[in-house]
Every structure is written in C-alpha cells, then in structure tokens.
Amino acid sequence: MKRLLVIGIGAGDPDHLTLQAVKAIAATDVFFIVDKGEVKHDLIRLRLDMIAEHGRQPYRIAETRDPERDRTTPAYTEAVEDWRSRRSQALESLIADHLGEGETGAILVWGDPGVYDSTLAIVEEILERGHVAFDYEVIPGISSIAALTARHRIPLTQV
C-alpha cells in the first residue's frame, strides 16, 4: 500500500521542526512540492533545505504548479472550492505518477496541518475520487499561535 505523510513543519523557523517531523522526513521516499510561483519561491527553498538536512537519500522530489485562484470574485467560498479541486487533481497526478507501492510520500505543510491548511481536505478529495489508493497520516507541527505565544512568554490559559 502507498503511504502519504502530511507533515507539519512549523511557522517558518527550521528549528521548530518536531522530532516526529524529522523522523517522518527521514522515512520519506518522495516529497510532493506545490510551486506557488516566484513570489513564494522562498517557501519552496525552506522546504528543500529541511528535506536536504533531514531526508535520507535516495529520495525524490515531485513538483507541480499551483493552480491560480480567483482572488477578485465576491464568491469566495466557490473560488476556494474550485481551487482546491484543481489542486487535488494536480497532487493526485503526482501521487499516481511518482509514488510506488510500498513507498512513502510526503507533503510538507506550514504550521500544523489540522489548524491552518487545506491539505487535509485536498487529500480527502483525492481519496473520495478513488483513482489512487493510499493510507495517510498527519504529523502535527508547531502552529504560529504556539510559536508566537512562546516567543513572547504569553500563556494561552490562566488559572
């Protein structure tokens, strides 16, 4: 069975990687990267740096271009749903073409995938279509909220 890891990689500081994320990166055969264009190329560079530091050779990188999203429409929800659907098709193609049986693929997600990112909805959409089968696991990351409050010594709860 193919396996996919959705790995939370923190809020941009490579030192915020959890030990669980480091181990997951080391266990990955192919990393899936979504290129959001030149403006956000630094985000890809940070991901590639983390992979180079913690990945175990031989690993592969499979990349796709992020579909454009209409940011001008007043129909925000519909625009996001359309974008997610097209992104899920692009990721589905990468998984089908680059992830072999018994291999582990990974998507590196900023922050914590359960808090900030639509990657989980996209992965579920891929599975619902039924064209490619895999198991997946979510590796939590440090959220920007946790990083910010820790940096400024602000507790999230009070007695």
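These are my notebook entries on the sheet, the helices packed on it, one aromatic pair and one buried threonine in a predicted model.

**Entry 1, the sheet.** I began with the strands and found five of them in an open sheet, ordered 3-2-4-1-5, with parallel pairing. I then asked which strands stand at the edges. They are strand 3 (60-65) and strand 5 (135-139), and since each has a single partner strand, one side of each is left without a neighbour in the sheet. I also looked up the twist, and on average neighbouring strands are turned by 25° against each other, with direction ignored.

**Entry 2, strand 1 with strand 5.** I followed strand 1 (residues 3-8) to its pairing with strand 5, which is parallel and runs over five bridges. Within strand 1 I picked out L4, for which Y136 in strand 5 is the residue standing opposite.

**Entry 3, helices on the sheet.** I looked next at what helix 1 covers, and noted that it lies across strand 1, strand 2 (30-35), strand 4 (104-109) and strand 5, running at about 145° to strand 1. Helix 3 (residues 76-98) also packs on the sheet, where it touches strand 1, strand 2, strand 3 and strand 4, and its direction makes about 150° with that of strand 2.

**Entry 4, helix 1 against helix 2.** For helix 1 (residues 19-26) and helix 2 (residues 41-54) I noted a packing angle of about 80° and axes 9 Å apart, which means that helix 1 is roughly perpendicular to helix 2. The residues making this contact are V22, I25 and A26 from helix 1, and M50, I51 and H54 from helix 2. Sorted by class, they are five nonpolar residues and one polar residue, with no charged residues.

**Entry 5, the aromatic pair.** I searched for paired rings and the count came to one aromatic pair. The ring centres of F31 and Y59 are 5.6 Å apart and the planes stand at 90°, so I recorded the pair as edge-to-face. Because F31 belongs to strand 2 while Y59 sits in the loop between helix 2 and strand 3, the pair ties together parts that are 28 residues apart in sequence. Both F31 and Y59 are buried.

**Entry 6, T119.** I closed with T119, which is placed in helix 4 (residues 119-129). Is T119 buried or exposed? Its relative accessibility is 5%, so T119 counts as buried. Setting aside neighbours within four places in sequence, I found T119 in contact with V6, I107 and V109. I also looked up I154, which is 35 residues from T119 in sequence and 29 Å from it in space, C-alpha to C-alpha.

How values were computed:
Residues are numbered from 1 along each chain as its sequence is written. This is a predicted model: local features need pLDDT of at least 70, side-chain atom pairs count only at pLDDT 80 or more; totals for chains, interfaces and linings use all residues. Side-chain values use heavy atoms; hydrogens and water are left out. Axes are lines fitted to C-alpha atoms, for helices over the stretch in contact, and angles run from 0 to 180 degrees between N-to-C directions. Angles under 35 degrees count as roughly parallel, over 145 as roughly antiparallel, 65 to 115 as roughly perpendicular and the rest as oblique. Contact means heavy atoms within 4.5 Å. Ala, Val, Leu, Ile, Met, Phe, Trp, Tyr, Cys and Pro count as nonpolar, Asp, Glu, Lys and Arg as charged, and the others, Gly among them, as polar. Two strands pair if DSSP finds at least two bridges between them. Rings of Phe, Tyr and Trp (its six-membered ring) pair if their centres lie within 6.5 Å; planes under 30 degrees apart count as stacked, over 60 as edge-to-face and the rest as tilted. Buried means under 20% relative accessible area, exposed over 50%, partly exposed in between (1.4 Å probe, protein chains only).
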